[in-house]
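Dear colleague,

Please find below the structure I promised to pass on to you, together with some notes on what I found in it. I suggest that you keep it open beside this email while you read.

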Amino acid sequence: MADQTSGSVLKSAALLEQMRLHMATDAGKELIKKVGLVYQLNIAPKRIGHDEEIYVVDLKKGAVTKGPYEGKTDATFSFKDADFLAVATGKMNPQMAFIRGAMKIKGSLSAAQKFTPDIFPKPSKL
Amino acid sequence: MNAPFLIAEFRTLLWRMPCSGIQGRNTQELMETLTARFGYHPNAFKGRTNSETHRPRSEKANTLHHPTENSKFLQFVSKMSRGELIVDDNQIKPASGSLSTDWAEEYQAQHNANPDAWANDNTQTWVKEFTHEHQDVEDQWVNEFSRLQVDDWADEFGKQVGEGVLGDSSENWADSYDGFLGEQLAASKHQSDSSRGVYVFSDLNPYIGLENPFKEGQELFRKGLLSEAVLALEAEVMNNPNNAEAWRLLGITHAENDDDQQAIASMLRAQEADPMNLEVLLALGVSHTNELEQEAALKYLHGWLQNHPKYGSLTSPGQMESLYYADVSFFSLLVLLLSTYFSLHLFQALLMSTSLSLNVARLFNEAAQMSPEDADIHIVLGVLYNLSREYDKAIASFKTALKLKPRDYSLWNKLGATQANSVQSADAILAYQQALDLKPNYVRAWANMGISYANQGLYEDSIRYYVKALTMNPKADNAWQYLRISLSSASRNDMLEACDSRNLDVLQREFPLSEQQCLTCHNYLETPPSLLHFDSFQWLLPLHVRCNLEGFGPLKDPSVRKFGSYIILVLSLIMLQMYMVGFSEFSLLARVHSIYME
């Protein structure tokens with residue numbers, strides 16, 4: 001099974017890979033029913049906007065792909081690597097992240113409000 | 001008016017200037033406003049705006065287009081400047097001697113040439129400029145003033161704000177900003193400390209001063225009281241900072257307590273004390289893998305191999321750097337050729353994964369072949385495959401290692417975590433239960449259980465497991481955050497406050513993990529089951545989701561269902577037998593009865 005994220009330098013790649021596998025499970029299908037939106041994540045290793053890796057979390061079809069989305073996404077987020085991990089694991093509240101400028105949002109705000117930590121599966125510790 | 005009051009009021013005015021938007025005006029207007037305000041009763045400018053202070057005594061203001069000595073303030077100031085008054089012990093005393101300069105006029109002249117002096121927000125700059133301009137003037141007051149007051153202005157400002165000089169809104173802002181800053185500072189300090197690998201000792205350690213805290217620590221660890229063991233071991237390393245074994249045990253305890261940051265910090269100290277220790281290197285590799293620090297983890301795992309007596313020969317110094325690139329040159333040629341026909345992206349990914357698999361794993365695979373009975377090499381392989389996200393291979397490695405070391409609880413946890421990360425959550429739960437069988441106080445495994453339930457969408461269960469983990473280690477920050485997420489996903493917003501205030505009592509009462517639930521899981525497994533069991537009953541598991549047995553707690557547990565299926569089978573056999581026996585018995589009875597009757 002080709003792992004699309006294996007060439008990545010980001011820590012977030014691991015989480016997104018887990019998300020991709022998560023989509024196929026029943027919990028993932030629940031998520032598709034609950035959210036049903038397409039998010040694009042521009043994750044940069046050090047500074048927002050530089051050397052970004054673009055991932056598309058498609059919660060309509062249930063897929064996580066690398067590369068920009070052909071079509072219109074419901075919301076696009078820009079993060080630093082560490083900040084994305086913090087938001088996805090619940091360490092940082094998305095609103096707080098937005099206020100502090102750690103997360104930039106483009107697109108529909110209502111779609112952005114559905115972007116919460118509980119849509120991401122959590123990593124387990126060895 | 002006495003000096004402190006004057007000084008205080010003066011400062012108030014100066015600070016108020018920028019806030020009320022008078023900055024940038026020239027000195028004349030400034031002096032005018034100063035004097036205009038100063039002419040009033042001191043209480044007049046507490047919390048008042050600019051406009052309000054222009055009251056009936058405006059004739060005074062009007063006459064003050066030119067700075068004159070008429071106003072009390074200017075008189076006072078000029079007296080001071082002329083040395084007629086000295087500030088002494090907070091009292092103003094007339095002094096002998098006088099200076100010919102008129103401070104006010106000189107200041108005026110100097111500042112006319114420099115109208116932008118006030119444009120500066122920071123009023124302290126004004127003071128500096130002020131003192132600078134008048135260095136040549138033998139001006140006691142200025143020097144005294146600047147020396148006395150410059151450092152206190154910030155405090156005074158704070159006090160004034162507190163008294164409500166600037167109005168209530170700014171006070172709230174200042175408070176909340178202070179709170180924010182404080183939280184930022186504390187968080188960043190802790191983070192920078194732990195991210196730099198600096199160990200953070202706990203306060204109030206009851207084990208300090210004990211005779212042999214190391215032995216205590218080992219005992220507590222053995223008993224499974226992890227948080228207590230941490231304290232005892234900390235006491236030990238405070239006494240003997242070079243005790244590598246103590247640091248190592250401390251690191252392991254932290255890892256089992258689900259605190260990778262502290263684990264890394266302890267293990268680094270252990271490594272300092274004992275650089276060749278294999279367990280330390282492995283533990284560092286694992287913790288860094290958990291923190292998703294790929295390069296660091298690789299470095300430590302490679303170090304493990306290098307320092308291993310048997311496999312050290314496979315490595316060479318400086319190999320680490322070349323590992324990523326060793327076979328790449330050959331492959332890159334191949335890639336270049338082939339990429340013209342296929343998409344480069346695909347091959348790039350392939351290249352990266354192959355370079356990692358080929359180079360690093362090849363090395364370890366060689367080692368594994370050298371001695372296949374060594375469980376440790378398989379463990380290291382498993383961790384490596386986790387890093388490169390080749391989960392199937394990782395699971396295979398861990399299973400091999402488990403065949404050799406079936407009673408290693410941390411190995412079961414590793415297997416479970418790998419399965420969970422590759423979204424085989426049901427299998428993961430079984431593995432965690434094995435680990436917990438072997439070590440009931442394994443906080444990490446409890447937290448991982450919670451994660452696996454939450455990832456499956458079973459939030460109520462996950463809450464119970466998180467609470468259980470937190471009862472054993474209230475400092476597990478990860479678990480608190482995950483608990484919060486689960487609470488809101490399960491729509492238990494009433495408990496969010498308890499979670500935020502870290503109120504374990506309330507949470508424990510609300511979400512108990514009944515012993516019943518735990519025991520029925522695996523009390524029939526006296527020995528670890530053969531690993532075949534995991535796969536064979538997987539078909540049962542999706543059933544629960546389809547049947548939606550939300551409210552029926554025990555049945556959700558896959559091991560219970562396994563047990564249940566056994567029971568049903570056995571019961572049916574028994575019933576069949578009973579039926580047959582009963583039939584024959586019944587006929588026997590009937591015959592006896594008939595005989596008797598007859």
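Met578(B) has its place in helix H32 of chain B, which covers residues 558–597, and please bear in mind from here on that this is a predicted model. With a relative accessible area of 56%, Met578(B) is exposed, because that word applies to residues over 50%. Met578(B) also takes part in a nonpolar surface patch of about 820 Å², and the other residues that make this patch are Phe563(B), Tyr566(B), Ile567(B), Leu569(B), Val570(B), Leu571(B), Leu573(B) and Ile574(B). For residues 563–581 of chain B, an unreviewed UniProt entry lists the feature "transmembrane region"; in the model this span is 100% helix and 0% strand, and its end C-alpha atoms lie 26 Å apart.

Elsewhere in chain B, His308(B) is found in the loop between helix H16 (294–307) and helix H17 (319–323). His308(B) counts as buried, since its relative accessibility is 10% and the limit for that word is under 20%. Leaving aside residues up to four places away in sequence, His308(B) touches Leu278(B) and Asp374(B).

In chain A, I looked at Ser78(A), which lies in strand S4 (residues 75–80) and is buried, with a relative accessible area of 10%. Residues up to four places away in sequence again not counted, Ser78(A) has contacts that include Asn42(A), Ile48(A) and Glu52(A), as well as Ala102(A), Met103(A) and Lys104(A). The C-alpha atoms of Ser78(A) and Ile43(A) are separated by 5.9 Å, although these residues are 35 residues apart along the chain.

With best wishes

Note on methods
Residues numbered from 1 in each chain as written. Chains lettered and ligands numbered in written order. Predicted model: local features only at pLDDT ≥ 70, side-chain atom pairs only at ≥ 80, totals over all residues. Heavy atoms only, no water. Helix = DSSP H or I, 4+ residues; strand = E, 2+ residues; numbered from the N terminus. Buried < 20%, exposed > 50% of the residue type's maximum accessible area, 1.4 Å probe, protein only. Contact = heavy atoms within 4.5 Å. Patch = residues over 30% accessible without salt bridge, like charges linked within 9 Å, V, L, I, M, F, W, Y side chains within 5 Å. Areas by Shrake-Rupley, 256 points an atom, 1.4 Å probe, with all protein chains shown as cover. Salt bridge = Lys/Arg side-chain N within 4 Å of Asp/Glu carboxyl O. UniProt positions renumbered as here; feature names shortened; annotations may be inferred.
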